[in-house]
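Please open the model in a viewer and keep the sequence panel visible. The tour below proceeds by selection, from the whole chain to single residues.

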Amino acid sequence: MNVSTDNLDFLIAALLCEQTRYQDVQIPKDTQEKKHLLRSLMNVRPPRHISDDFLRVQDAYLQSELAGKNITNADNIPHVRANSKLSIWQGDITTLKVDAIVNAANSQMLGCFVPCHGCIDNAIHSNAGVELRLKCNTLMQKNRRKYYLKVPQ
C-alpha cells in the first residue's frame with residue numbers, strides 16, 4: 001500500500017467509527033471507491049471536533065490530491081479592460097490560489113450535507129476538509145446575535 005492509500009484507510013476508518021450506523025460499512029479495496037466513500041463521509045459529518053492525528057493525516061492526503069491538479073494563481077488572471085480591479089475566470093474554484101473564496105452558501109454557512117453532490121459548496125468543503133465546517137459553525141454561533149434580525153410583531 002502507498003501512503004495515499006494508507007491515509008485513505010485511516011481517514012475512512014476514523015469517520016466510520018464516529019457513528020454506530022456505519023458499523024457495517026466496509027472499506028472498499030478500489031482507490032476511487034475509497035475516495036468516493038471518504039468524500040461522502042466528510043459531506044455528511046456534522047460540525048464537531050476531531051483528533052489532531054486525523055487532521056494531520058487529512059491535510060497530508062488533501063495536499064497530495066491538490067498536487068495532482070493544475071493550480072491557478074489569482075495574480076496571473078488578467079483584469080478586464082474596463083476595470084483594473086475585476087478579473088473573470090472560469091474553472092474549478094478549488095484550484096485557485098487565493099486568500100479567500102466567496103460562495104453563495106446556505107444560510108447556516110455549513111456547506112452541503114448531500115454526499116458527493118455536484119454543487120460548489122460541496123466541492124469547497126470536500127477539498128478543504130472537515131475542519132472548515134467546524135470553523136464556519138463556530139463563526140456563525142459567535143455572530144448569531146450580532147446578525148439576528150427580529151421580525152416586528
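A residue is called buried when its relative accessible area is under 20%, exposed when it is over 50%, and partly exposed in between, with a 1.4 Å probe and protein chains only. This is a predicted model, in which local features need pLDDT of at least 70 and side-chain atom pairs count only at pLDDT 80 or more, while totals for chains, interfaces and linings use all residues. Residues are numbered from 1 along each chain as its sequence is written, and side-chain values use heavy atoms, with hydrogens and water left out.

**The whole chain**

Begin with a cartoon view of the protein. Five helices and four strands make up its secondary structure, where helices (H or I, at least four residues) and strands (E, at least two) are DSSP runs numbered from the N terminus. Their order along the sequence is α-α-α-β-β-β-β-α-α. The C-alpha trace spans about 55 × 50 × 25 Å along its principal axes.

Next, colour by accessibility: 27% of the 153 residues count as buried. The protein exposes about 11000 Å², of which carbon and sulfur atoms supply 54%; accessible areas come from the Shrake-Rupley method with a 1.4 Å probe, and for residues only the protein chains shown count as cover. A contact means heavy atoms within 4.5 Å. Among contacts between residues at least 6 apart in sequence, 63% join residues at least 24 apart.

**Helix α3: Gln-58**

Select Gln-58, which is found in helix α3 (residues 52–67). Is this residue buried or exposed? Gln-58 is buried, its relative accessible area being 2%. Leaving aside neighbours within four places in sequence, Gln-58 is in contact with Leu-11, Met-42, Ala-128, Gly-129 and Val-130. Add Val-130 to the selection: its C-alpha atom is separated by 8.7 Å from that of Gln-58, although the two residues are 72 apart along the chain.

**Helix α4 and its end**

Gly-129 leads to the next stop, as it follows α4 and has a positive phi, near 100°. Helix α4 itself covers residues 120–128, and its buried residues are Asp-121, Asn-122, Ile-124, His-125 and Ser-126.

**The β3–β4 loop: Thr-94**

From Ile-124, move to Thr-94, since the two are in contact. Thr-94 lies in the loop between β3 (83–87) and β4 (96–97) and is buried, with a relative accessible area of 15%. Apart from neighbours within four places in sequence, the contacts of Thr-94 are Leu-66, Lys-69, Ala-123, Ile-124 and Asn-127. Now display Asp-92: a polar contact of 2.6 Å joins its side chain to that of Thr-94. A polar contact is a pair of N or O atoms within 3.5 Å; within protein, one must be able to donate a hydrogen and the other to accept it, and residues adjacent in sequence count only if both atoms are side-chain atoms.

**The cysteines**

Finally, select the cysteines. How many disulfides are there? The count is zero, a disulfide being a pair of cysteine sulfur atoms within 2.5 Å. For Cys-17, the nearest cysteine sulfur is that of Cys-116, 20 Å away; Cys-17 is exposed, with a relative accessible area of 69%. For Cys-119, the nearest cysteine sulfur belongs to Cys-112, at 3.7 Å, and Cys-119 is partly exposed at 22% relative accessibility.

End at Cys-116, in the loop between β4 and α4. Most residues other than glycine have a negative phi. Cys-116, although not a glycine, has a positive phi of about 55°, and is partly exposed, with a relative accessible area of 22%.
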